[in-house]
Each structure stands twice: as structure tokens, then as C-alpha cells.
Amino acid sequence: MPQRKRITETEALLKLSTKISAKTDLLSLLRLINDLAVQLIDADRASLFILDQTTREIWTLLADGETVIRIPEGKGIVGQVIAGKNLLNVPDVTADPRFYADVDERTGYETRSILCVPLVNRAGDAFGAIEVLNKNDGVFSRKDEQLLRVLGTQAGLSIENIEMYNDIQRNCAQLQLLLDIQKNTNVSMDIGQILPAILSSLLPALHATCGMICLISGNGAVSTYSYHSRYGGRYWENIDRRKCPAYMKKLVDETERYKKEHENQEFFHEPGIAWAQLEREGSPIGYISIMLSSDQETYSTPVSYDYLKVIARQTVSLISMQEVLEESRRSEKQALLGTMLSSIVHDMRNPLSGISGFIQLIKRKVEERKIQSYCDIILDRLAYIETMNSELLLFIKGESIELEKTSIVLRKYFEDLLIGFAGSFSNKNIDVELVCPERIEIQADFGRLTRVFTNILTNAREAIGTDGSIRIELTRNDKRAIIKISDSGNGMPAHVREKIFQPFATYGKKGGTGLGMAIAKNIIDKHNGSIEVSSRLGKGTTFIIQIPID
Ligand code: ADP
Ligand code: MG
């Protein structure tokens, strides 16, 4: 009989070593070790415990029959074995105060005897234990202790080896993923192509089918780029779960829920979802959210989501690169536009002065007063176009404007200016309020100041549409006149507000040149003044202009 038993053990160990060298997956290897422990030691069941370093709990990675068992660190026989890194053989648990009876109470199982060995890694730390319960005939022998030690050592080494092997595989896969992303994206693509391309490389690596990258702008607007393995890439402005298709609903819902639960976290993953913040220079600019299939092994997930962190960093760097490129494309375009514009304006000047000459001729030749007054109006408009043209040329060439300063009393100045707007304001039901508690006189270029305020009031009128109000408040301090113009219009998004004083920044209107505020800033700067804007989308806009009182 002893002869037969030895052969069985040898066979069992051989089987084990073949399985280990076949680099099978971790769980089936451990399952084999567990089964062998039960068979060889002739026990009723076996469990494999792992110490969770974060929750400080000991939990069953593998157990016969029951669901996962969780024991506080240090508790029970298994807790003692892990803490003391020593084998324990308890022939009668009822006589041992270290026995943790809670588990039996919960599972209904009746433990009589326990044999337990620690799982130790190369560094000599115990990270788990194997436990066999209830020897079928009597108590666990010395021989059983030896066998379980062998199996424990094997299990410990296997877990460590396989984790190392997985680590290497993961690093390779991670590198491959980065290479894929690099291959699938290039500088000629815009953000709308790059972000879905990142997702399409990332999703298969995480065995996921659906994901999204959301970018959040300063005013809270969310641009979402989604990718689904079946439906491909899509762009969403301020994504709304009620309007998005079924395949996106779950991702959007889960993301919202998990974001609330994990507030202020830069990264998290749970069965079902993985999420990483996109961060630039310490501030969040958006996030990546990936929908995972729920059948993924929880034991293997924690490490593999390192992917997502790497990709989050890569994504931010691609976004920044795109922005730099976009900016340089814009300034090239701007330079080209400038050249075109100045040649157009130049070419317009000759015909315009021709027209002006002929109108003057007509005015002299005709007797009728009415026609003469029409001629005056045309000449007046032509003069305005001429001033605009020359300023445009000055602006494009960036030459300094020569100011012609006169003394201007602000209240009177605005009262007169508003007369010109009265008709268009009352047509659109726009109320104007002019507040000026004291007399303020400045030295300024009348014509150019009028360009500034005409443009600000025109923009306000356009932003209001119909029904609203404009308030002009004139105050002063020791050195400066302060002109505050607020409107109840629709405000502007952050990206417009940030660039409002740059040329060609126009947004949300037909026929806008985007030059108005750039010229206004030029003129106010020439007066050694300052101009600032604040705006809330949907609420309104306020400009504050300060001009020195000379
Ligand atoms: P343009 O009026 O030709 O578009 P501007 O330089 O005058 O160019 O203005 C630039 C942009 O700033 C406008 O297109 C508009 O989107 C925004 N803007 C300016 N003033 C306001 C305002 N009062 N309310 C809302 N948006 C404004
Ligand atoms: Mg304008």
C-alpha cells in the first residue's frame, strides 16, 4: 500500500510541474493545486487565501463549495499562519482559541481539523495561505504537513512566476498599444479623428467594446468623442443620455454614477467600468471612460488598467500637440488673410474716390435740393468707408495710429452716440440706461473712440436680438475714467472670450469680420487705457474700459 501511495504522489507532482511549465492561466493552475491537496492529503476540502494589501482582508481566491470568504487580517488559523509565516496543524478546532468560528456559522460547514501553510514569495513575505480541512480518517500527519508544504511552495512560486510573466506580457502589450496609437494617428489629423483612433486601439486591449473621451472646456461645455467596436466613432456636443443611442446610454449612465462615487480620484476601475482623468499641468481637462464586459476576471483586472493611465497621458500630449499645430495654422492663415485684405482695400480706394468725385459733380449740377441732400448722405457714407479702409490698412500693417485728441465730456458724448442707436434699439425693444453721477472729461480721439463704442453697442445689440437691456455706467477714480457697458445678451463661450481681442475672432453671427474688438483694443491701448471683458453664457456681457484723464 505505501508503495502505491508514493507513486500517486509522484504522479501528482509530475502533473503539477507539467502544468506549471505549460504556462497555463493562474486560476486553473491554482485549482489543480487545490484539488491535489484534497486528494493527496485525503481531506474534505481545501481553500486558497490571498491577503489583500489595500483592504487588509484575507479572502478566498479559491474555495470548495462556498462563495468568497473574507476574514480580517490576523484572524483565525489562516490569519495566524500568514502573520507568523508558519505551518499550523490543528487536530481539534474546538480546543483552539485561535479558530475563527464566524465562517462556519455563516456557511453552515462544520470544521473539525485544519492544516494550513503560508504562501511565501521570493522576498520572504507571506501573501496568502493554503488550508485543508477535515482529514477523512483522524488527524493530519507529519507526511500531510510535508505534502502541503511542497504544494504551498509550488503555489507561491507559481503565483509569483505567473504574475511576473503577466507583467512582462502586459508591458509588451502596453508598448504595442502605444505603437499602434502612434501608427494610427498623425499630425495631419484633427482632434475629431485622433481621439476615436486612440479609442479604437485601446478598446481591444482592454477587451472592451465601447468607450469615450470627454473634453471639458472652461465654461463647462463637454465635447465627447465616442467609439464603439460595431458602430464606429462619433462626436457629441454636451452629450445627453436621453438622446443618445442605447449602446451609449449605459456608458454615459455608469460614468456619471461612478464619477460621483469616486469624486476627486484620478483613476478608478471596477467590474463594468474603467475611468481615467486627463490632466494637463495639474488641472483636469477631461476624462476617458471605458465600458468593460462584466465577465472579466476581477483578480486580473487591477494591473491591466495601467494601460488606461498610460493612454490618458498619451492622449493629453496628442491634444496639446494638436492645439499648438492649430495655433500655428491659424497664424499662417491670418498672415495670408492680412495680405489679401490689404490688397483688396488698396484696390477699392481708386473706384471709391472716383465715385466720390462723380457724386460731388452731380451735387453741383443738379438744382433739386432733395437730390443734393441724397448726395450729401452718399458722400458721408463714402467718407466713412474711406476711414474704415485706412484704419483696416493701418491695423493690418500694424502701424501706429496718430491720435487726434480733443476734450470729450463723457455724458454728452454717450447721449449723442445713443441718438444714432435710438431707432434700432426701440425697434428691437432694447432699453438703454445711461448712468453718470458726475462730470467726467477726458482727452481722446473722438472719431476713434466712436469706432470703439459703436462696435461695442452693435455687438451688444446683436447679442440681445430682441427684448433686453443695455446699461452704460460712467464713473472715475483719481486718474481714470471708467466706462462700464453691460448687456443682457446671450453672452459668449470661453473660447470666444479668450480670443475676443484677437483679429478675425468672430463667432455666432453672419457677416462678422472679427475685427471690431481687435481694433477697439488697439485704439484703447493707444490711449494708454485698458479694456476687459467678462461674460456668462446665456446671461450677458460686460466690458470695462478705462481711459486716463489727462
Ligand atoms: P464681429 O462682431 O465682426 O464678429 P468683434 O470683434 O466685434 O467681431 O466681436 C468678436 C466676437 O465676440 C463676436 O463675433 C461675438 O461672438 C463676440 N461678442 C462680442 N461682443 C459680444 C457681446 N456683447 N455679447 C456676446 N458676444 C459678443
Ligand atoms: Mg463687432
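Modeller: Quick ground rule first: two strands pair if DSSP finds at least two bridges between them. And keep in mind that this is a predicted model.

Colleague: Fine, let's use that. Which residue in E16 is the bridge partner of Asp-431?
Modeller: E14 and E16 pair over six bridges, and those two strands run in the parallel sense. Within E16, the residue bridged to Asp-431 is Ser-469.

Colleague: And the sheet they belong to, in what order do its five strands come?
Modeller: It's an open sheet with mixed pairing. Strand E14 (430–435) and E18 stand at the edges with a single partner strand each, so one side of each has no neighbour in the sheet. Neighbouring strands are turned by 10° against each other on average, direction ignored. From one edge to the other, the order is E14-E16-E17-E19-E18.

Colleague: How many of the nine residues of strand E19 are buried?
Modeller: Look at the partners of E19 to begin with. Strand E17 (residues 480–487) pairs with E19 in the antiparallel sense over eight bridges, with Ala-481 partnered by Ile-547 of E19. Strand E18 (residues 530–536) is antiparallel to E19 as well, through seven bridges. The rest of the structure largely encloses strand E19 (residues 540–548), because the number of its nine residues counted as buried is eight.

Colleague: Which glycine in the turn between E18 and E19 has a positive phi?
Modeller: E18 and E19 make a hairpin, with three residues between them, and Ser-534 sits opposite Thr-542 of E19. Phi is about 85° at the glycine in that turn, Gly-538.

Colleague: What about non-glycine residues: is Asp-467 buried or exposed?
Modeller: Most residues other than glycine have a negative phi. Asp-467 has a positive one, near 55°, and its place is the loop between helix H12 (446–464) and strand E16 (468–476). The cut-off for exposed is over 50% relative accessible area. Asp-467 comes in at 51%, so it counts as exposed.

Colleague: Asp-42 also has a positive phi in a residue other than glycine. What is its relative accessible area?
Modeller: Phi of Asp-42 is near 60°, and the residue lies in the loop between helix H2 (26–41) and E1. Partly exposed covers values between 20% and 50%. Asp-42 falls in that class because its relative accessible area is 30%.

Colleague: Let's move to the six-strand sheet. Which strands are its edge strands?
Modeller: This open sheet runs E9-E8-E7-E12-E11-E10 with antiparallel pairing. On average its neighbouring strands are turned by 15° against each other, direction ignored. An edge strand here pairs on one side only, and that describes strand E9 (232–237) and strand E10 (267–270).

Colleague: How many bridges join strand E8 to E9?
Modeller: E8 covers residues 222–228 and runs antiparallel to E9. One pair links Ser-223 with Glu-237 in E9. The number of bridges between these strands is six.

Colleague: At what angle does helix H7 run to E12?
Modeller: Two helices lie across strands of that sheet. Helix H6 (residues 191–205) crosses strand E7 (208–216), E8, E9 and strand E12 (283–292), running at about 145° to E7. Helix H7 (residues 246–261) lies across E7, E8, E9, E10, strand E11 (273–280) and E12. Against E12, H7 runs at about 125°.

Colleague: Now for the holes. What volume does the largest cavity have?
Modeller: Searching the whole structure turns up two cavities of 30 Å³ or more. For the largest cavity, the volume is about 220 Å³.

Colleague: How many of its lining residues are nonpolar?
Modeller: The lining has 20 residues, and Phe-99, Val-103, Thr-111, Glu-131 and Leu-133 are the closest to the centre. Strand E1 (43–52), helix H3 (76–84), helix H4 (102–107) and strand E6 (126–135) each give two or more residues to it. Beside four polar and five charged residues, the nonpolar count in the lining is eleven.

Colleague: One last stop, helix H9. Which residues is Ser-356 in contact with, leaving aside its neighbours within four places in sequence?
Modeller: Ser-356 is found in helix H9 (residues 306–365). Buried means under 20% relative accessible area, so Ser-356 at 18% counts as buried. Beyond those sequence neighbours, its contacts are Leu-379 and Leu-382.

Key:
Residues numbered from 1 in each chain as written. Chains lettered and ligands numbered in written order. Predicted model: local features only at pLDDT ≥ 70, side-chain atom pairs only at ≥ 80, totals over all residues. Heavy atoms only, no water. Helix = DSSP H or I, 4+ residues; strand = E, 2+ residues; numbered from the N terminus. Axes fitted to C-alpha atoms, helices over the stretch in contact; angles between N-to-C directions. Contact = heavy atoms within 4.5 Å. 1 Å grid on protein atoms, 1.4 Å probe; cavity = no way out; pocket = protein on both sides within 12 Å on 5 of 7 lines; lining within 4 Å. Points joined across faces, edges and corners; volume = space filled by probe spheres on them. Nonpolar A, V, L, I, M, F, W, Y, C, P; charged D, E, K, R; others polar. Buried < 20%, exposed > 50% of the residue type's maximum accessible area, 1.4 Å probe, protein only.
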